[in-house]
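This report walks through selected features of one protein model for a reader who has not met it before. Please look over the sequence and the three-dimensional view before reading on.

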Amino acid sequence: MNELVRRHTTLTGADVEWLHLLVSEWQLLSDLSFADLVLWIPTWDGIRYVSVAQMRPNTGPTSYQDDMVGHLVPRGRRPLLDAAYDEGRIVREGDPEWREEVPVRVESIPVRREGKVLGVIARNTNLLTVRTPSRLELTYLQSASDLAQMIAAGTFPYPGAEQTDMDAAPRVGDGLIRLDADGVVTYASPNALSAYHRIGLTSDLVGSHLGRTTAELVPPSRAAVHEGLVKMASGWAPRQTEVEAQGGVVTLRTIPLKPKGTPTGSLVLCRDVTELRRRDRELMTKDATIREIHHRVKNNLQTVAALLRLQSRRMDSDSARAALDEAVRRVGSIAIVHETLSQGLDEAVAFDEIADRVLAMVMELSQDGRVATRRSGSFGILSAEVATPLAMILTELLQNALEHAFGPSAAGNLEVSALRGRAPATGKGWSDSWNGGARPEEYLLITVQDDGKGMPEDFDPQKAGNLGLQIVRTLATGELGGTFDMVAAPDGGTKVVLEIPVK
């Protein structure tokens, strides 16, 4: 809509916002009218109309098989459009039009804002299935007529009203209740009556005051909400709320009707959302349970790390103490992942934070600050299945670099970088293309580079027997299905390259 309005019209930003508000609400008018709606706006030169939006009804057959958005029509070709725009009134004159052997009744409704007519809604009703209307259909059509008059007068949609989530809001077919000016029910659709029976109503709705009836269904423990609920359900203002009683939950949306400037009643749309809320609660319970499990695992791992740390202090052998300290860091890296998972709703984590915490934990080995560290790039969001082994891999690689790349008093730099993208891994970087077949997985390229003394000439990273590199190889190639290599850095030192597929 924005592009069509900018290209073809001279409407202001406030005018366009009004049209957006109208379009967000006009599914209601379409369903009540059993008709298609097309919004026509005059072009900047005043000699044509451009259609900027279209809506089909959920309650009846469509009159348009094609998409009308973007069509241009010269003035004079559709007299009803001209009359509605020029005179600012709803125009219903004329015989039905025939479109592909289907009779269509065409009406035009001016769209007004602050006294200015912005455009015209063409309401097109497919007459092929017309029959004697039922009480429900008569109520629908009367309500549609009231809304059309409000649009023509510039009083609908409601300016400044609280925004409604239209995806979650009840629709016409979910249940409709018509109230008079006093809030008394004059008509309730079968779906609306069923929704109220779900929350404990045992009588009919027609003839009752909806606000008081609704409030009486709410348990006494929630008496504080009764006064507000009475006003809301009486249709005094455009509002949406939920009513919970007797194990059922019903969403209510009220739409006051003022077709001639004075209140004549209101529409109340209702929807039984009992099963939806039950599933929501189940999901919330499951999410809370999963978070609690991660929290307890984190606590248990921290307890294990504390016990290992106590044991390390009692060791007389330096090598045994160093081995226990390494075990503490390995357990700690796993605990960091579980702590992060315990704080979110998904079984996925933003790994950059974990990488920074692992880096800080391992750097405690170099408390004198002789080795400068930094991280570049982003790991992105990773699942728990990838994050946990990857945290251990980073711990081992960083610890290995501190122990072997730099001497006891040597200074240096250590960098961790990450690059993520949809491309196949090659072992030497990213490939720009692939040879047919299915789209490749998303890959994560990780490098850990130092400017230390480098590797011995006969060193083979794929066969090295120390425990840290064995853990890295097993996790990278076995559990994560990636590749692992260590090469000499261009400017001296060692560069570790990991390429891991990410689902």
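What span should the 19 residues of helix 5 have, and how far apart are its end C-alpha atoms? The model discussed here is a predicted one, and in it the end C-alpha atoms of helix 5 are 27 Å apart, which agrees with the expected span of 27 Å because each residue is counted at 1.5 Å.

**Helix 5 and the loop that follows**

The buried residues of helix 5 include E137, T139, Y140 and S143 towards the start of the list, and further on A144, S145, D146, L147, A148, M150, I151 and A152. Just after helix 5 comes G154, whose phi is positive at about 85°. The loop between helix 5 (135-153) and strand 7 (176-179) also holds P157, and the peptide bond that leads from F156 to P157 is cis, its omega being near 0°.

**Positive phi outside glycine**

Two residues that are not glycine take a positive phi, F34 with a value near 55° and Q246 with a value of about 55°. The table sets out where each of them sits and what its relative accessibility is.

| Residue | Loop | Relative accessibility |
|---|---|---|
| F34 | between helix 3 (27-33) and strand 1 (36-42) | 17%, buried |
| Q246 | between strand 9 (239-245) and strand 10 (248-257) | 65%, exposed |

F34 counts as buried because its relative accessibility of 17% falls under the cut-off of 20%, whereas Q246 counts as exposed because its relative accessible area of 65% is over 50%.

**The nonpolar cores**

Which residues touch the most other members of the largest nonpolar core? They are F351, F379, L394 and F484, in a core that has 53 residues. Helix 12 gives the most to this core, with twelve residues. When neighbours within four places in sequence are left aside, L394 is in contact with F351, A355, V358, F379, V416, I446 and V448, and two of the names in that list, F351 and F379, also stand among the core members that touch the most others. A second core, separate from this one, has 40 residues, among them L11, I41, Y140 and I255; Y140 has already been named as one of the buried residues of helix 5.

**The cavity**

The structure holds one cavity of 30 Å³ or more, and the volume of the largest cavity is about 30 Å³. Its lining is formed by A355, D356, L359, R375, L394, L398 and V416. Where does the largest share of this lining come from? Helix 11 supplies that share, with three residues, and both helix 11 (351-362) and helix 12 (384-404) supply at least two residues each. By character, the lining residues divide into five nonpolar and two charged, with no polar residue among them. L394 belongs to this lining, and L394 is also in contact with two other lining residues, A355 and V416.

**After the last strand described here**

K503 lies in the segment after strand 18 (494-502). Is K503 buried or exposed? K503 is exposed, because its relative accessible area of 92% is over 50%. The C-alpha atom of K503 is separated by 8.4 Å from that of Y443, although the two residues are 60 residues apart along the chain.

Terms used: Residues numbered from 1 in each chain as written. Predicted model: local features only at pLDDT ≥ 70, side-chain atom pairs only at ≥ 80, totals over all residues. Heavy atoms only, no water. Helix = DSSP H or I, 4+ residues; strand = E, 2+ residues; numbered from the N terminus. Buried < 20%, exposed > 50% of the residue type's maximum accessible area, 1.4 Å probe, protein only. 1 Å grid on protein atoms, 1.4 Å probe; cavity = no way out; pocket = protein on both sides within 12 Å on 5 of 7 lines; lining within 4 Å. Points joined across faces, edges and corners; volume = space filled by probe spheres on them. Nonpolar A, V, L, I, M, F, W, Y, C, P; charged D, E, K, R; others polar. Core = buried A, V, L, I, M, F, W, Y, C linked by side-chain atoms within 4.5 Å. Contact = heavy atoms within 4.5 Å. Expected span 1.5 Å × (residues − 1).
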